[in-house]
Amino acid sequence: MRRRADHLSPAAVEALNAALAARFGNRLVTSEAVRVQHGHTLTWVANAPPDAVIFAENTQDVVDAVRICAEHDAPIIPFGAGTSLEGHVNALHGGVSIDMSRMDRLLAVHAEDLDCVVEPGLHRIALNEQLRDTGLFFPIDPGADASIGGMTATRASGTNAVRYGTMKDNVLSLVAVTADGSIVRTASRAKKSSAGYDLTRLFVGSEGTLGIITEITLRLHGIPEAISAGHCPFKDVRSACDAVIATIQSGLPVARIELLDAMQVKACNNYSKLSLPETPMLFVEFHGTSAGVAEQSQRFGDIAAEFGGGPFVWATRPEERSRLWQARHDVYWASFTLRPGARLFATDVCVPISRLADCVEATQRDIAETGLVAPIVGHVGDGNFHVSPLVDMDDPADVARAEAFSSRLVRRALAMDGTCTGEHGVGQKKIPYVEEEYPAATLDLMRRIKQAFDPANLLNPGKILRQ
């Protein structure tokens, strides 16, 4: 994989921008404020703005932008909604950010086939609003109102993953522009195929390093007849995790099962004006028929009681259920109430579910011994949890403590046969841990794939793999 120089020269940037302006007119923006907006600020590393931003409106725009950038040897960074957490959209070597926000159409709905075709700039909430009258919905819910293209590029997951899977399970096909400006379609709309390499799965999670996604075909699901949700307190995190394991192993078809530790519950009470007991807590949701969700909720309550949990309090009215899950989605903002003035840096790991309680307990001990304020929340039905240290960025010692903790967290998960990231992706910050997670031969194969797709290293350089 070609190693890039730090940045284009001022003369090269001027020539690049002149060529882009001739094609894109006022859809090329070079103001500092817009460029900084398209760098990244939700990570440990500093914002790294591009040299220019293009607002694409169709696939041909992306093709032309890529070809112009290739002629000028300029890096290309796709930009969705900017909600990623590991520096994915930072322009480490300058270049051009291609903003996909204007490519936000729902192109087709095939209700009989349970799929739809969307542009990458469409946000997940807007998609479901447009789908509502069809009786279908798209289930992947990472919390933030992310763009579908960004969710595809980072292999997003979320609260519904335990029942509906992640983006890799719900993207049937996609269209992408590769580094030479070619347009590739990875598959048909058929629900399965044995024809050739699975290029769809290769692009899903590639973080913009193999191509720029311009169209996605998504698997849809029927809106459930009935939904039951509730919350269940536990005396400690291990009991809650053991209840999750028993629930999954029993085959109970839970749709969502989220863990909040006592610190996170306190933050939710502060921010969302709830009055939950400030103890480890599971938020749970079931989808199905009215009779089915009632039976499932009763069975979950029985399982929780076996591990000292309860009472399991149902949120029977839709507004109660919405308030509960809105509080879960707002945990990022709620966490700031625990240490006003600090910055929050969310990180995640994922372990086999049998090691979940061990990993979370060890992490809580580490937090206490380190003296950090770091709430925990997790999609624990699949062994994935998030830790959000709140850090005084003006205190080097505090930053060092948090970074050392983050390293220990990842290595703890790897030691338990887990992964350095369950859904946030690698971006910049977790490149060293990818090198610890995979053997040298695997990393070499990844580099050869990158080399084959992008020999000049134009596409989002400096992400996923070390140059």
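**Notebook: contacts, cores and the largest pocket**

I began with Ser206, which touches Ala153 and Ile464 when residues up to four places away in sequence are not counted. The model I consulted is a predicted one. I located Ser206 in the loop between α8 (199–203) and β10. I recorded its relative accessibility as 5%, so Ser206 counts as buried.

**Entry: backbone of the same loop and other unusual torsions**

I looked next at Glu207, which is also placed in the loop between α8 and β10. Its phi is near 55°, a positive value in a residue that is not glycine. I noted a relative accessible area of 6% for Glu207, and this residue is therefore buried, the limit being under 20%.

I then turned to Asn460, in the segment after α17 (440–453). I found a positive phi of about 45° here, although Asn460 is not a glycine. Asn460 has 2% relative accessibility and so counts as buried.

I also checked the peptide bond from Gly310 to Pro311, and I recorded it as cis, with omega near 0°. Pro311 itself belongs to the loop between α11 (290–306) and β15 (313–315). I kept these entries together because most residues other than glycine have a negative phi, and most peptide bonds are trans.

**Entry: helix α14**

I asked how far apart the end C-alpha atoms of helix α14 should be at 1.5 Å a residue. The helix holds 15 residues, 356–370, so the expected span is 21 Å; the end C-alpha atoms are 21 Å apart, which agrees.

I listed the buried residues of α14 as Leu356, Ala357, Cys359, Val360, Ala362, Thr363, Asp366, Ile367 and Thr370. Which elements do the buried residues of α14 pack against? I found two helices among them, α9 (237–249) and α15 (396–415), together with the strands β13 (254–260), β18 (376–379) and β19 (384–387). After α14 comes Gly371, and I noted that its phi is positive, near 80°.

**Entry: nonpolar cores**

I examined the largest nonpolar core, which has 52 residues. The members that touch the most other members are Leu259, Leu282, Val284, Phe300, Val360, Phe385 and Val387. I found that α15 gives the largest share of this core, 7 residues. I recorded a second, separate core of 26 residues, which includes Val62, Val66, Ile68 and Cys69. As background, I noted that nonpolar side chains tend to be buried together in soluble globular proteins.

Val360 appears in two of my lists, as a buried residue of α14 and as one of the core members with the most contacts to other members.

I followed Val387 further, leaving aside its neighbours within four places in sequence. Its contacts are Phe345, Ala346, Thr347, Thr363, Ile367, Ala374, Pro375, Ile376, Phe405 and Leu409. Of these, Thr363 and Ile367 are among the buried residues that I had listed for α14.

I added Ser406, which is placed in helix α15. At 9% relative accessibility, I counted Ser406 as buried. I also looked up Ser406 against Phe312: the two are 94 residues apart along the chain, and their C-alpha atoms are separated by 33 Å.

**Entry: the largest pocket**

How much space lies in the largest pocket? I recorded about 1,000 Å³. Its lining consists of 47 residues, and those nearest the centre are Thr83, Ser84, Leu85, Ala144 and Ala146. I noted the elements that give two or more residues to the lining: β3 (76–79), α5 (148–153), β10 (212–219), α12 (318–329), α13 (331–335) and β18. By residue class, I divided the lining into 22 nonpolar, 21 polar and 4 charged residues. I noted that β18, which also packs against the buried residues of α14, is one of the lining elements.

**Entry: two partly exposed helix residues**

I looked up Trp333, whose place is in helix α13. Its relative accessibility is 48%, and Trp333 therefore counts as partly exposed, since exposed means over 50%. Trp333 and Gly87 are 246 residues apart in sequence, and I recorded 19 Å between them in space, C-alpha to C-alpha.

I closed with Ala15, in helix α1 (residues 10–24). I noted 36% relative accessibility, so Ala15 counts as partly exposed. Ala15 and His72 are 57 residues apart in sequence and 8.0 Å apart in space, C-alpha to C-alpha.

Definitions and conventions: Residues are numbered from 1 along each chain as its sequence is written. This is a predicted model: local features need pLDDT of at least 70, side-chain atom pairs count only at pLDDT 80 or more; totals for chains, interfaces and linings use all residues. Side-chain values use heavy atoms; hydrogens and water are left out. Helices (H or I, at least four residues) and strands (E, at least two) are DSSP runs, numbered from the N terminus. The expected span of a helix is 1.5 Å times one less than its number of residues. Buried means under 20% relative accessible area, exposed over 50%, partly exposed in between (1.4 Å probe, protein chains only). Contact means heavy atoms within 4.5 Å. A nonpolar core is a set of buried Ala, Val, Leu, Ile, Met, Phe, Trp, Tyr and Cys residues joined through side-chain atoms within 4.5 Å. On a 1 Å grid over the protein atoms alone, a cavity is a set of points where a 1.4 Å probe fits but cannot get out, and a pocket is an open set with protein on both sides within 12 Å along at least five of seven lines; lining residues have an atom within 4 Å of a point. Grid points are joined across faces, edges and corners, and a volume is the space filled by probe spheres set on the points. Ala, Val, Leu, Ile, Met, Phe, Trp, Tyr, Cys and Pro count as nonpolar, Asp, Glu, Lys and Arg as charged, and the others, Gly among them, as polar.
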